[in-house]
Amino acid sequence: MAESPSHALGQIAGYTMEQAFFDMLLPVANEFSLYVDRQGPRLARGVRRKVSWVDDHQNKHDLDFVLERGGTAQHVGAPAAFIESAWRRYTKHSVNKAGEITNALVPLRRTYRYERPFLGALVAGEWTRVGILNMESQGISVLHLPVATLADAFAVEGVDLNFDEHTLATYMSEQVARWNEIGPEGHKNVIVALRKEAAEQFVGFIDRMREHLSRKVQSVSILPLHGLARLAVSVSEALAMLSAMATVAPSQEALELVRIEIQVRYSNTDKIDASFRSLSEAILWLEQNYLDS
């Protein structure tokens with residue numbers, strides 16, 4: 001089945017948006033020594049072109065951009081940022097897509113909670129305020145580019161992106177043909193124009209990402225827990241237990257290490273809580289995740 005001209009225009013808009021963002025993302029990745037993964041060939045994933053990560057429930061999520069610490073073309077690193085992008089021309093389609101983005105990014109943050117990755121959504125077109133707020137309420141940083149912003153950028157090369165459900169298919173086909181006609185140089189002009197049109201939005205999003213990536217460990221709180229838990233069936237019984245603890249010397253049982261609670265606090269107020277059953281597990285976790293922080 002032949003591709004509809006409206007779908008083709010949507011793909012062109014999505015490509016342009018992603019490329020404009022990618023050009024601004026690279027300097028940030030270089031600043032923090034991060035590898036940028038996006039759809040395309042990469043030795044680390046063999047013949048697969050898509051960027052896919054699996055959550056702790058074994059659900060696979062295809063993503064548009066992933067920034068990795070220690071990543072190379074041959075080796076997949078630790079996630080520093082998960083970023084999705086989407087173009088939707090009509091609000092009736094954007095509501096569901098906002099839910100899909102949330103359902104992909106939030107489980108990945110939970111799965112890689114010790115890496116505490118940045119979550120971002122790059123969305124363009126017609127999006128409801130409710131959909132954007134829903135993503136933001138889940139800790140996803142959203143960059144929204146309205147249709148008018150993209151339309152102004154495409155207009156520099158004579159491509160009309162102002163189409164709706166009533167626009168004739170022949171007219172939309174003419175815009176696709178015009179895009180193909182202007183070639184790589186014209187595409188580059190549109191991308192540059194989009195970066196200028198949306199400079200404030202791009203810079204704001206990049207600054208939020210940079211703030212997240214530049215966080216430093218401010219403190220590490222360690223709470224060793226000893227002894228066995230005791231269950232009281234009433235408050236009076238619990239008070240009696242506590243009184244007894246205050247007057248009786250601790251037994252060998254009470255001195256045995258049961259669990260270690262660790263809380264890592266960051267300079268940007270983020271915090272990570274972890275619990276371990278042994279000293280060796282706690283030491284290994286800190287060494288693997290924070291030794292260079």
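Residues are here called exposed when their relative accessible area is over 50% and buried when it is under 20%, with partly exposed residues in between. The structure described is a predicted model. By these limits, E200 and E211 are exposed on one side of helix α6, whereas F202, F205, I206, M209, H212 and L213 in α6 are buried. Viewed down the axis of α6, the buried residues occupy an arc of 115°, and they therefore line one face of the helix. Helix α6 itself runs over residues 199–213, 15 residues in total, and its span from first to last C-alpha is 21 Å, close to the 21 Å expected at 1.5 Å a residue.

One of the buried residues of α6, M209, also belongs to the largest nonpolar core, which comprises 47 residues and in which F21, L67, L145, L150, L161 and M209 touch the most other members. Helix α1 (residues 5–31) makes the greatest contribution to this core, supplying eleven residues. When residues up to four places away in sequence are not counted, L67 is in contact with L25, L34, Y35, V36, A78, P79, A80, A81, M209 and L213, and the last two of these partners are buried residues of α6. Apart from this core lies another, of 19 residues, which includes A86, V123, I132 and V142. In soluble globular proteins, nonpolar side chains tend to be buried together.

Charged side chains were examined next. Side chains of opposite charge can pair when their charged atoms come close. The structure contains 15 salt bridges, among them two that involve D37. The side chain of D37 meets that of R42 with an N to O distance of 2.9 Å, and it meets that of R45 at 2.8 Å, again N to O. D37 and R42 are both buried, and R45 is likewise buried. A further salt bridge is formed between R110 and D56, whose closest N and O atoms are 2.7 Å apart. This pair connects distant parts of the chain, 54 residues apart, with R110 in helix α2 (residues 91–111) and D56 in the loop between β2 (51–54) and β3 (60–63). R110 has a relative accessible area of 33% and is therefore partly exposed, and D56, at 34%, is partly exposed as well. Through salt bridges that share partners, D37, R42, R45 and E68 are joined into one network.

Technical notes
Residues numbered from 1 in each chain as written. Predicted model: local features only at pLDDT ≥ 70, side-chain atom pairs only at ≥ 80, totals over all residues. Heavy atoms only, no water. Salt bridge = Lys/Arg side-chain N within 4 Å of Asp/Glu carboxyl O. Buried < 20%, exposed > 50% of the residue type's maximum accessible area, 1.4 Å probe, protein only. Helix = DSSP H or I, 4+ residues; strand = E, 2+ residues; numbered from the N terminus. Core = buried A, V, L, I, M, F, W, Y, C linked by side-chain atoms within 4.5 Å. Contact = heavy atoms within 4.5 Å. Expected span 1.5 Å × (residues − 1). Arc of directions from axis to C-beta.
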